[in-house]
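Good morning, colleagues. I should like to take you through one structure today, beginning with its strands and ending at its surface.

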Amino acid sequence: MTKIDCLVCHDTTGTYKKVPTGAGMPDPKVDLVAVAKNVGPTSRKTCGDCHFNGGGGEAVKHADLSRQLLHPERSCDVHMGGYDFQCSECHRTRNHKIAGRSSSVPVVEGSLSCSTCHSETPHYGDGLLDHHLNKHSANIACTTCHAPVYAKCKPTKTFWDWSKAGDKTRKPKKDKYGMADYHWKKGEFVWKESAKPVYRWYGGFTKRVLLGDTLDLTQKEISITEPVGSINDPNSKISPFKIMAGVQAVDA
């Protein structure tokens, strides 16, 4: 892990902040001595200051990451709302290498799944139902059953049309969730709350379009990332995914 400001993660005062145009430098108004004297463990806030805004805004890219997790209800997140977990309770570190990642980025610091804590046989009763549920766990990801919808407590962006950007005369409209459907700098959006995921076989690897790859522009849709897996792959499980669709420029 390089080029990361220690205080971003370890400030406990809640006063440390950056200047958007400051190339990563702290706001001159911050009392750096006071902040330095009050460093401590990470928290949902320090993690969330970055991860709640993945994709350029709150709940844009990652469906269930938003400021709702600062003080969530149990129905929003059973670990944070039910047991007051901090992010690091699951995303544990060794030498500042933080386990876990999004499916859209490669594993560089250790993978993480529900079974990391709950084991591959998480249903611990002695009944026949638990026996069969544990057999299901060999082929079905935990979140397929235990997260039947995503963005339960705050809408997430599911469609982004960059080609519509630039119209300063267009007045944004609020959808049924109170979210704006347009921004002249960014384009047109669609938001969804408590949306149903799509399901694919997933073995922990992701196919990605990389810089320099040739695209088939005759396709109606191009997948920038897609899960790799198969019913014939013993490491694959049926897993839920949020689809983030969009219209964007491409280098022909």
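Before anything else, a word on naming: helices and strands here are DSSP runs, numbered from the N terminus, with at least four residues for a helix and at least two for a strand. In that scheme, Ile 224 lies in the loop between β7 (205-208) and β8 (225-228). I shall return to that residue at the end. Please bear in mind throughout that this is a predicted model.

Let me start with the sheet. Four strands make up an open sheet of mixed pairing, and their order is β4-β5-β3-β10. At its edges are β4 (182-183) and β10 (245-247), each of which pairs on one side only. In general, strands of a sheet pair through backbone hydrogen bonds, either parallel or antiparallel.

Consider β5 and its two neighbours in turn. Strand β3, residues 156-161, runs antiparallel to β5, residues 187-192, and 5 bridges join the two. Within this pairing, Phe 159 has Val 190 as its bridge partner, and Trp 160 stands opposite Phe 189. Strand β4 is likewise antiparallel to β5, with 2 bridges between them, and a hairpin of 3 residues connects β4 to β5. Here Tyr 182 is found opposite Glu 188 of β5.

Which residues form the largest nonpolar core? It consists of 5 residues, namely Val 60, Trp 160, Met 179, Phe 189 and Trp 191. The facing pair Trp 160 and Phe 189 thus reappears in this core. Met 179, for its part, touches Pro 155, Lys 173, Lys 174 and Trp 191, if residues up to four places away in sequence are not counted.

I turn now to helix α3, residues 44-51. Its buried residues are Arg 44, Thr 46 and Gly 48, and they pack against α1 (6-10) and α4 (78-83).

Arg 44 brings us to the charged pairs. The structure holds 10 salt bridges, of which I shall discuss three. In one of the 10, the side chains of Arg 44 and Asp 84 meet at 3.4 Å, N to O. That pair links distant parts of the chain, 40 residues apart: Arg 44 belongs to helix α3, whereas Asp 84 sits in the loop between α4 and β1 (93-94). Is Arg 44 buried or exposed? Its relative accessible area is 8%, so Arg 44 counts as buried, the limit being under 20%. Asp 84, at 49%, is partly exposed.

A second salt bridge joins the side chains of Glu 58 and Arg 67, at 2.8 Å from N to O. Glu 58 is buried, with a relative accessible area of 15%, while Arg 67 is exposed at 57%.

The third is formed by Asp 181 and Arg 170, at 3.7 Å, N to O. Both residues lie in the loop between β3 and β4, 11 residues apart. Arg 170 is partly exposed, at 26% relative accessible area. Through shared partners, salt bridges connect Asp 161, Lys 164, Arg 170, Asp 181 and Glu 188 into one network. Glu 188 is also the residue that Tyr 182 stands opposite in the sheet.

Finally, the surface. Leu 217, Ile 222, Ile 224 and Val 250 form a nonpolar patch there, and together they have about 320 Å² of accessible area. Why can Ile 224 belong to such a patch? Its relative accessible area is 43%, and patches take residues with over 30%; Ile 224 is therefore partly exposed and passes that limit.

Technical notes: Residues numbered from 1 in each chain as written. Predicted model: local features only at pLDDT ≥ 70, side-chain atom pairs only at ≥ 80, totals over all residues. Heavy atoms only, no water. Patch = residues over 30% accessible without salt bridge, like charges linked within 9 Å, V, L, I, M, F, W, Y side chains within 5 Å. Areas by Shrake-Rupley, 256 points an atom, 1.4 Å probe, with all protein chains shown as cover. Salt bridge = Lys/Arg side-chain N within 4 Å of Asp/Glu carboxyl O. Buried < 20%, exposed > 50% of the residue type's maximum accessible area, 1.4 Å probe, protein only. Pairing = 2+ DSSP bridges. Core = buried A, V, L, I, M, F, W, Y, C linked by side-chain atoms within 4.5 Å. Contact = heavy atoms within 4.5 Å.
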